[in-house]
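Work through the exercises below with the sequence and the model open. Try each task before reading its solution.

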Amino acid sequence: MILRLITIVSIALQSRVLALSVGRSTRVFSCTHPNGMCELRVDGGEPEMYDALSVSLEMCAAAPGVLLCIGNAPPCGDGAQQLLQNKQSVNAQATLRRLALGRPVIAIAEETVSGAAAGLWMAASHRVCTRSTIFSLPECRVGLCPASAPVLCSLGIEPHMAMYAALTGAQLTAHDCASLQLATHFAQAEQMPDLLNELRRCPAASFPMLVPLQRRTEPAPSYQASLFAEGVGPSINATILEVFGEAEDAADCALRLRAALERARPLTQSSAWRTRECADAVVDILDSADKALRASSPSAVAATFDMMRSCTSSDVATAQELAITTDERLRLDDV
């Protein structure tokens, strides 16, 4: 058994700096800038990271703003480890939402934000994506309910799209995130250094801290579109609504998905270019969703469907607790 050491290093420079290194691949870096902005940077996905992050977030209680940079943070592969990761992440998400009530909390998704890390990003009041951002909730693959999925409801995402993301673990690009309002801003890679520098130096008040976001961000690039490509987006949205929004339960959802695929496949041979283009896009989305559902745990899919149907925007914490409790029961059933 490898002993994990938590190393705390404090450096007295112009900013107060706190760096926590957990294990070999995970670290939490925290500092307070001269303008009072509390900055945290997290990389990796080990469960211990979320405990360290919760400690760092508590130190930001008096800060006029919080900047959270999330590097590559995929979920743990093992189901039991991922359950622990989700449980510890929920506490950090609750702290972030509490901090966001009285100040701007700006979260930047630099690369992969999946599972528990996706919940951290969604808990912020201002969410920045980049060209490299990939968002997903893949927990059903390892027999878990996505504990971060209820946060989708609080962001005002249409229920059928939230259900689609939670059940299939679909990988959403920056354009998808912007179109779904998961992301509030998009920044090009070349703008990121200037954006971060301005956030660290701007006056310590809510409105001035948001000016760098207005200056350094732009609409997400349309060439990344998958769910919302021009010309085919409405057809994809209508199909996802039929399959994931109108289904009565998880079994009905799977039946609707296969029926929609059967109807769409012949249209890919149409002589009408626009019809063929729409059909190709719909088949690609539905085929990926069908493969994801077949590869996922049926009990986890059913539990996730029920949870997403019952969760409301005003009850995120309760829905997350339900997801964790359900996951613990599912894991016991597996044993």
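The chain has 13 helices and ten strands, taken as DSSP runs numbered from the N terminus (helices: H or I, at least four residues; strands: E, at least two). This is a predicted model, where local features need pLDDT of at least 70, side-chain atom pairs count only at pLDDT 80 or more, and totals for chains, interfaces and linings use all residues. Residues are numbered from 1 along each chain as its sequence is written, and side-chain values use heavy atoms, with hydrogens and water left out.

**Exercise 1. Find the disulfide and place its two ends.**

Step 1. Apply the criterion: a pair of cysteine sulfur atoms within 2.5 Å. The structure holds one disulfide.

Step 2. Name the pair. Cysteine 38 and cysteine 60 form the disulfide, with sulfur atoms 2.1 Å apart.

Step 3. Place the ends. Cysteine 38 lies in strand β4 (residues 38-43), and cysteine 60 in the loop between α1 (47-58) and β5 (66-70). The pair links distant parts of the chain, 22 residues apart.

Step 4. Check burial (buried: under 20% relative accessible area; exposed: over 50%; partly exposed in between; 1.4 Å probe, protein chains only). Cysteine 38 has 2% relative accessibility, so it counts as buried. Cysteine 60 is at 0%, so it is buried too.

**Exercise 2. Describe how α9 packs on α10.**

Step 1. Take the geometry. Two packed helices are described by the angle between their axes and the distance between the axes. Axes are lines fitted to C-alpha atoms, for helices over the stretch in contact; angles run from 0 to 180 degrees between N-to-C directions. Helix α9 (residues 233-245) and helix α10 (residues 250-264) pack at about 150°, with axes 8 Å apart.

Step 2. Classify the angle (under 35 degrees roughly parallel, over 145 roughly antiparallel, 65 to 115 roughly perpendicular, the rest oblique). α9 and α10 are therefore roughly antiparallel.

Step 3. List the contacts (heavy atoms within 4.5 Å). From α9, Thr239, Glu242, Val243 and Phe244 meet Cys253, Arg256, Leu257, Ala260 and Arg263 of α10.

Step 4. Sort by class. Ala, Val, Leu, Ile, Met, Phe, Trp, Tyr, Cys and Pro count as nonpolar; Asp, Glu, Lys and Arg as charged; the others, Gly among them, as polar. The α9 contact with α10 has five nonpolar, one polar and three charged residues.

**Exercise 3. Determine how α5 is covered and how it meets α9.**

Step 1. Count. In helix α5 (residues 159-168), nine of the ten residues are buried. Among them are His160, Tyr164 and Thr168.

Step 2. Identify the cover. It includes α4 (149-154), α9, α10, α11 (273-295) and α12 (298-310).

Step 3. Get the angle. α5 and α9 pack at about 70°, with axes 9 Å apart. That makes α5 roughly perpendicular to α9.

Step 4. Read the interface. α5 brings His160, Met161, Met163, Tyr164, Leu167 and Thr168, while α9 brings Asn237, Ile240, Leu241, Phe244 and Gly245. By class, the contact has seven nonpolar, four polar and no charged residues.

Step 5. Look past the helix. Glycine 169 follows α5, with a positive phi near 65°.

**Exercise 4. Characterize the surroundings of aspartate 327.**

Step 1. Locate the residue. Aspartate 327 is in helix α13 (residues 316-334).

Step 2. Test exposure. Aspartate 327 has 0% relative accessibility, so it counts as buried.

Step 3. List the neighbors. Leaving out residues up to four places away in sequence, aspartate 327 touches Leu83, Asn86, Leu144 and Cys145.

Step 4. Take the side chain. The side chain of aspartate 327 reaches the backbone nitrogen of cysteine 145 at 2.3 Å.

Methods:
A polar contact is a pair of N or O atoms within 3.5 Å; within protein, one must be able to donate a hydrogen and the other to accept it, and residues adjacent in sequence count only if both atoms are side-chain atoms.
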